[in-house]
Amino acid sequence: MSKPRLLIVEDDPNLGDILNEYLTMKGYETTLCRDGDEGWSKFKKDKFNLCILDIMMPKKDGFTLGKEIKKVQEDLPIIYLSAKNLKEDVIEGLKIGADDYITKPFSMEELLLRIAAILKRTQKSEMHEGLKILKFGDFTLHYDEQQLESPSGKHKLTSKENELLRLLASEVNKLVNRSHALKQIWGDDSYFNARSMDVYLSKIRKLLKEDPKVQIITIHGEGFKMVVSE
């Protein structure tokens, strides 16, 4: 299995070298750039799994670079490094689509954990990319079309219904952890999102009534599973 490739763009020579050496030692393949222009040039030439961008840099700041990267590869994860803990900076990073934001000084161990968590999530998404058409009972989920095909015809799904159904149908007869589902589809497992998911599950259960062999059962305190009987 190839090593995950990280693009590091940091104008502080000491921090840049430390990041580069530490992450290489931890098993990542790294490319270190000293300014935004160099970072953009390297991004266009190579393929990366994650970017670590400083915000305040010469020639091109991290936010500008992040916007350019996201225009080309929207799903590429970005972690921003900043010497300031300004709410405006955090909001700007989130608008661009940053996956994380770390204020200097920070521990290398913390950065390592955050990188691992993001890559774990994105690699699972890539794995699920292959699950475009899923059959269960008398149903067929056409993920790309956001449609559920049943004996009575095709039903258009909302994006959340589509994501939930794919998650459940890809794990037939297996427990899907409630918190995991919330984080994967809604981004976090807050109370509000949990209530929202319950509403969508209720809608999905109604759609599945056409085939009594297919049920979504709730396992209290743990999660739920799609059960398909013979």
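Before anything is selected, one term is needed: a residue counts as buried under 20% relative accessible area, as exposed over 50% and as partly exposed in between, computed with a 1.4 Å probe on protein chains only. The model on screen is predicted, so that local features need pLDDT of at least 70 and side-chain atom pairs count only at pLDDT 80 or more, while totals for chains, interfaces and linings use all residues. Residues are numbered from 1 along each chain as its sequence is written, and side-chain values use heavy atoms, with hydrogens and water left out.

**The whole chain**

Start with the protein chain in full, whose C-alpha atoms fill a box of roughly 65 × 35 × 30 Å along the principal axes. Its secondary structure comes to eight helices and 12 strands, where helices (H or I, at least four residues) and strands (E, at least two) are DSSP runs numbered from the N terminus. Of the 230 residues, 43% count as buried. Taking contact to mean heavy atoms within 4.5 Å, 52% of the contacts between residues at least 6 apart in sequence join residues at least 24 apart.

**The five-stranded sheet**

Next, select strands 1 to 5, which form an open sheet in the order 2-1-3-4-5 with parallel pairing; two strands are said to pair if DSSP finds at least two bridges between them. Strand 2 and strand 5 (100-103) stand at the edges with a single partner strand each, so one side of each has no neighbour in the sheet. From one strand to the next the twist averages 15 degrees, with angles running from 0 to 180 degrees between N-to-C directions and axes being lines fitted to C-alpha atoms, for helices over the stretch in contact.

Moving to the strand 5 edge, one finds four bridges joining it in parallel to strand 4 (residues 78-82), and Tyr80 has Tyr101 of strand 5 as its bridge partner. Now add helix 1 (residues 13-25), which lies across strand 1, strand 2, strand 3 (50-54) and strand 4 and runs at about 170 degrees to strand 2.

At the other edge, pick Thr31, which is found in strand 2 and is buried, with a relative accessible area of 13%. Leaving aside residues up to four places away in sequence, Thr31 touches Arg5, Leu6, Leu7, Ile8, Lys42 and Phe48.

**Helix 2**

Select residues 36-45 for helix 2, whose buried residues are Gly36, Gly39, Trp40 and Phe43. Seen down the axis of helix 2, these residues fall within an arc of 100 degrees and so line one face of the helix, the arc being that of the directions from the helix axis to the C-beta atoms. Their cover includes strand 1 (5-9), strand 2 (29-33) and helix 3 (62-72). At the N-terminal end, Asp35 caps helix 2 through a side-chain oxygen 3.0 Å from the backbone nitrogen of Asp37.

**The three-stranded sheet and helix 6**

Travel on to the open sheet in which three strands take the order 10-12-11 with antiparallel pairing. Its edge strands, strand 10 (176-177) and strand 11 (214-219), each pair on one side only. Strand 10 is joined to strand 12 (residues 223-228) by two bridges, the two strands running antiparallel, and Val176 stands opposite Phe224 in strand 12.

Helix 6 (residues 159-169) packs on this sheet, touching strand 10, strand 11 and strand 12, and its direction makes about 70 degrees with that of strand 12. Helix 6 is mostly covered, eight of its 11 residues being buried; among them are Leu164, Leu165, Leu167 and Leu168.

**Helices 7 and 8**

Select helix 7 (residues 178-185) together with helix 8 (residues 191-207), which pack at an angle of about 95 degrees with their axes 10 Å apart. Helix 7 is therefore roughly perpendicular to helix 8, on a scale where angles under 35 degrees count as roughly parallel, over 145 as roughly antiparallel, 65 to 115 as roughly perpendicular and the rest as oblique. Arg178, Ala181 and Leu182 of helix 7 meet Asn193, Ala194, Arg195, Met197 and Asp198 of helix 8 in this contact.

**Last stop: Asp211**

Finish in the loop between helix 8 and strand 11, where Asp211 lies. Is Asp211 buried or exposed? Asp211 is buried, with a relative accessible area of 1%. Not counting residues up to four places away in sequence, Asp211 touches Gly137, Asp138 and Phe139, and its side chain reaches the backbone nitrogen of Asp138 at 2.8 Å. The C-alpha atoms of Asp211 and Phe136 are separated by 9.8 Å, although the two residues are 75 residues apart along the chain.

Definitions and conventions:
A polar contact is a pair of N or O atoms within 3.5 Å; within protein, one must be able to donate a hydrogen and the other to accept it, and residues adjacent in sequence count only if both atoms are side-chain atoms.
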